[in-house]
Amino acid sequence: MLNFSKKLIHWYLQNKRELPWRQTQDPYSIWLSEIILQQTRVEQGMPYYFSFVETYPDVKALAAAREDDVLKLWQGLGYYSRARNLHATAKKVAYDLNGVFPDTYKELKKLKGVGDYTASAIASICFNEATAVVDGNVYRVLSRIYGIDTPINSTPGAKEFKALAQELIDKKDPATFNQAIMEFGATQCKPKNPYCLHCPFSESCVAFQQGRIADLPVKKGKIKVRDRFFNYLIFITPKGETLIQQRKEKGIWRGLFDFPLLETEKDLQKEHFRESVNKLMILGKDKSVKFEALPVEEIILQQRAPIIHKLSHQKLHVKFWVIKLSEASGLQMIAYERLGDFAVPRVIDRFLEDFDFKDFLE
DNA sequence: AAGACGGGGTC
DNA sequence: GACCCAGTCTT
């Protein structure tokens, strides 16, 4: 289409939102915002952007942080590998690259957590390099306007859309073009109920003209969701201490903290709790003990029906069991008041919001 | 090429 | 319940 970029940029200049990261070309700010915005809506990411900029004003400040503190600030945003990669890349830039971000797509893409999209975004916005971004918005806009039904999550699809975007990009102003096409997808050419009636491209939009708006873009395969049953053990000593652990293994919530966990094949009933938990090893900081060796005084299940916590690939059935200990366990525990210092999964944060340890003390 | 990885919003 | 979000990394 002739003049696509001209019309698009015209639309953008009249309709764009004023967003904090649109007031700068500073690579640190742009990089930070792009990482936060991966698979994340602007409204959800915005508060995190503000708290990160305030807490870590530049890449050196972020590099000097402890990873646990970065994770704590990231708590609730999800996809926590982003936070770990963010910190690793900050250290790389601060200590190996003299505090200066790479200024080309090719070099940017070598950074941890920076893929094709993010490298293109930074290179274009900060350094005026004409490399096209292809995110979910771009897939939608281009598949509709050009009537392309190649699955967007396929290798041919990725190549085809990248090439088309690269062909369309305004070589003189790639920064504005890239942001314009994403903004257009986010606010006009939405997944559901797009504003086709006053769309500047409706006359030539293949999907609109052929009534295929709802069918594009095409995505292959559906993800299958696995059911898991989590039983969290909230230990409480007479001194008001509890036990937490950091999730080190691969899988969900890596790097975050949670309570000792008993995972079962199905929903665990109170009658079967003892037999199921007895052989469980409770991992302390320095040593570990079997559950059955602990001085358990009382077990109180916090809810009859499990809490359902949905992730993209898993459906979690979560129960919290309070385990009152009559004396110190021999394990190294923490005062419950300090729980707030640790990054925890949303489901635990939510539980803690209306749980009071004092109810179980004297 | 296919899965894994979070949490929240929309319809 | 299904789909999507300013995607990336691992298998």
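User: Which residues come nearest to DNA strand C?

Analyst: The general idea is a distance cut-off: a residue is near a strand if one of its heavy atoms lies within 4 Å of it. Here 26 residues are around DNA strand C, and R41, G113, G115, T118 and R140 come nearest. Of the atoms of DNA strand C that come within 4 Å of the protein, sugar and phosphate account for 63%. This is a predicted model, in which local features need pLDDT of at least 70, side-chain atom pairs count only at pLDDT 80 or more, and totals for chains, interfaces and linings use all residues. Residues are numbered from 1 along each chain as its sequence is written, chains are lettered from A and ligands numbered from 1 in the order in which they are written, and side-chain values use heavy atoms, with hydrogens and water left out.

User: Where are the polar contacts to DNA strand C?

Analyst: A polar contact is a pair of N or O atoms within 3.5 Å; within protein, one must be able to donate a hydrogen and the other to accept it, and residues adjacent in sequence count only if both atoms are side-chain atoms. R41 places a polar side-chain atom 2.7 Å from a base oxygen of DNA strand C. Two other contacts use the protein backbone: a polar backbone atom of D116 is 3.4 Å from a phosphate oxygen of DNA strand C, and a backbone N or O atom of Y117 is 3.2 Å from a phosphate oxygen of that strand. Two or more residues of the surface near DNA strand C come from each of the elements α2 (27-37), α8 (116-127) and α9 (136-145). Such elements are DSSP runs, numbered from the N terminus: helices (H or I, at least four residues) and strands (E, at least two).

User: How many nonpolar, polar and charged residues does the surface near DNA strand C have?

Analyst: Residue class follows from type: Ala, Val, Leu, Ile, Met, Phe, Trp, Tyr, Cys and Pro count as nonpolar, Asp, Glu, Lys and Arg as charged, and the others, Gly among them, as polar. The surface near DNA strand C has nine nonpolar, seven polar and 10 charged residues.

User: What does the surface near DNA strand B look like by class, and which residues come nearest?

Analyst: By class there are seven nonpolar, 11 polar and six charged residues near DNA strand B. Of the 24 residues around this strand, T155, G251, W253, H309 and R346 come nearest. Sugar or phosphate supplies 60% of the atoms of DNA strand B within 4 Å of the protein, and bases the rest. A polar backbone atom of Q39 is 3.2 Å from a base nitrogen of DNA strand B, while a side-chain N or O atom of Q44 is 3.4 Å from a base nitrogen of the strand. Q314 reaches a phosphate oxygen of DNA strand B with a polar side-chain atom at 3.0 Å.

User: Is S120 buried or exposed?

Analyst: Buried means under 20% relative accessible area, exposed over 50%, partly exposed in between (1.4 Å probe, protein chains only). S120 counts as buried because its relative accessibility is 0%. The residue sits in helix α8, and a polar atom of the S120 side chain lies 2.8 Å from the backbone oxygen of D116. Contact means heavy atoms within 4.5 Å. Leaving aside neighbours within four places in sequence, S120 is in contact with Y105, T131, A132, V133, K162 and N178.

User: What is the corresponding picture for T242?

Analyst: T242 is in strand β2 (residues 241-242) and is buried, with a relative accessible area of 0%. The T242 side chain reaches the backbone oxygen of F235 at 2.6 Å. Beyond four places in sequence, the contacts of T242 include F259, Y336 and F357.

User: How many aromatic pairs are there?

Analyst: A pair of aromatic rings is described by the distance of the centres and the angle of the planes. Rings of Phe, Tyr and Trp (its six-membered ring) pair if their centres lie within 6.5 Å; planes under 30 degrees apart count as stacked, over 60 as edge-to-face and the rest as tilted. The whole structure has 24 aromatic pairs. One of them, W11 with F184, is edge-to-face, at 5.0 Å centre to centre and 90 degrees between the planes. This pair links distant parts of the chain, with W11 in helix α1 (residues 4-15) and F184 in helix α11 (residues 174-187), 173 residues apart. W11 is buried at 8% relative accessibility, and F184 is buried at 1%.

User: Which residues do ring pairs link into a cluster?

Analyst: The cluster consists of F230, Y232, W253, F259, F320, Y336, F351, F355, F357 and F360.
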